[in-house]
Amino acid sequence: MTDTHADYRLSQLDQLEAESIHIFREVAAEFEKPVLMFSGGKDSIVMLRLAEKAFYPAKIPFPVLQVDTGLDFPEVLATRDNWVNRLGVNLVVASIDDAIANGVVVDDGKTSRNRLQIGTLLNAIEENGFTAAFGGGRRDEEKARAKERVYSHRDEFGQWDPKNQRPELWSLYNGRLHAGEHMRIFPISNWTELDVWDYIGREGIEIPQIYFSHQRRVFERDGMLMSETPLNPLRPGEVVEERTVRFRTCGDITLTGCVESTASTVDEIIDEISIATLTERGATRGDDRFSEAAMEDRKKEGYF
């Protein structure tokens, strides 16, 4: 009689998926009112897919929160609506324009909409009583995010203290909160950009078309290719030309750059980023170029 051996080892992607699903279920069981922060970009879409799997066949038991800058790519908003309609989740939109009108944040004409997201987000969390907010941050993206734990405690002012984080030995998470505090949760913290794209390809996930190669009128600013748009007027010396580009990340259209690329499929994108030397934020997000500590400063104030 021949002995047989079943190999129950999971692939790296299966392990990451299982870890993320475990985190979603832990938060749903532990916190009174969680919410999933959703930008419409690839990372938040992957999180929505993971949440769908975590609670299937039931519906996702928490709402989706988008902070609307008023400067989002139309393709991103269209994909967001497709996902929300298909899953039947409740979409909460926190508008920066409304926050300005209501005096929640102040538009001084100098502060970027990206920074104005901070006060708008914190106000939405407080108004709705959310006790935990899922975010799509990954440790490989940026130095400040590499410091952050899966459960990221925020005080009553929504602030993060990188020197006062809770231990997470053996994947045990401490979700205890005092009144007014909340927790940020990062289910894909241990994923890389390449993992995300591998998962998108494996699952056949719908993402905005701007992630794929296309023709676009762009101009160069601060070493990045920016989209031609009335929202981002040209400065002296800037010249618009049409190039073949794609976006590695989605954000404020006035701060998010694209890269020259002919990658028009998921497999081609995977080949491209496999040899990339810069993360997507470092290469294409102008809001992270103000200083070495730009992201950490924003996160201390309450940013995603």
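**Group meeting: helix packing, the sheet and some backbone details**

Let me begin in a loop, the one between strand 5 and strand 6 (182–185), which is where Trp 170 has its place. What I am showing is a predicted model, and the values I will quote are computed from it. Trp 170 has a positive phi of about 55° although it is not a glycine, and with a relative accessible area of 75% this residue is exposed.

A second residue can be described in similar terms, namely Asp 222, which lies in the loop between strand 7 (214–221) and strand 8 (224–227). Asp 222, again not a glycine, has a positive phi of about 55°, and its relative accessibility is 60%, so that it counts as exposed, the cut-off being over 50%.

While we are on the backbone, there is also a cis peptide bond, from Tyr 56 to Pro 57, with omega near 10°. If you want to find Pro 57 on the screen, look in the loop that connects helix 2 (42–55) with strand 2.

Let me turn now to the sheet, and ask in what order its strands are arranged. It is an open sheet of 6 strands, the order being 3-2-1-4-6-5, and the pairing is mixed. The edges are taken by strand 3 (91–95) and strand 5 (151–154), each of which has a single partner strand, so on one side each of them is left without a neighbour in the sheet. On average, and with direction ignored, neighbouring strands of this sheet are turned by 30° against each other. At the strand 3 edge, the pairing is with strand 2 (residues 64–68), and these two strands run parallel and are joined by 5 bridges. To give one of the residue pairs, Val 64 has Leu 91 in strand 3 as its bridge partner.

Next come the helices, and I would like to start with helix 5 (residues 113–128), where the length can be checked against expectation. With 16 residues at 1.5 Å a residue, helix 5 should span 22 Å, and since its end C-alpha atoms are indeed 22 Å apart, the two values agree. Which residues of helix 5 are buried? They are Arg 113, Asn 114, Leu 116, Gln 117, Ile 118, Thr 120, Leu 121, Leu 122, Ala 124 and Ile 125. Just after helix 5 comes Gly 129, which takes a positive phi of about 70°.

The last topic is how helix 1 and helix 7 meet. The axes of helix 1 (residues 12–30) and helix 7 (residues 193–203) come within 11 Å of each other, crossing at roughly 95°, and the two helices are therefore roughly perpendicular. On the helix 1 side the contact is made by Gln 12, Leu 13, Asp 14, Leu 16 and Glu 17, and on the helix 7 side by Asp 195, Asp 198, Tyr 199, Arg 202 and Glu 203. By residue class, this contact comprises 3 nonpolar, 1 polar and 6 charged residues.

Within that contact I would like to single out Leu 16, which is found in helix 1. Is Leu 16 buried or exposed? Its relative accessible area is 9%, and because buried means under 20%, Leu 16 is buried. Leaving aside residues up to four places away in sequence, Leu 16 touches Asn 190, Trp 191 and Asp 195. For Asp 195, which lies 179 residues from Leu 16 along the chain, the C-alpha atoms of the two residues are separated by 8.7 Å.

Definitions and conventions. Residues are numbered from 1 along each chain as its sequence is written. This is a predicted model: local features need pLDDT of at least 70, side-chain atom pairs count only at pLDDT 80 or more; totals for chains, interfaces and linings use all residues. Side-chain values use heavy atoms; hydrogens and water are left out. Axes are lines fitted to C-alpha atoms, for helices over the stretch in contact, and angles run from 0 to 180 degrees between N-to-C directions. Helices (H or I, at least four residues) and strands (E, at least two) are DSSP runs, numbered from the N terminus. Angles under 35 degrees count as roughly parallel, over 145 as roughly antiparallel, 65 to 115 as roughly perpendicular and the rest as oblique. Contact means heavy atoms within 4.5 Å. Ala, Val, Leu, Ile, Met, Phe, Trp, Tyr, Cys and Pro count as nonpolar, Asp, Glu, Lys and Arg as charged, and the others, Gly among them, as polar. Two strands pair if DSSP finds at least two bridges between them. The expected span of a helix is 1.5 Å times one less than its number of residues. Buried means under 20% relative accessible area, exposed over 50%, partly exposed in between (1.4 Å probe, protein chains only).
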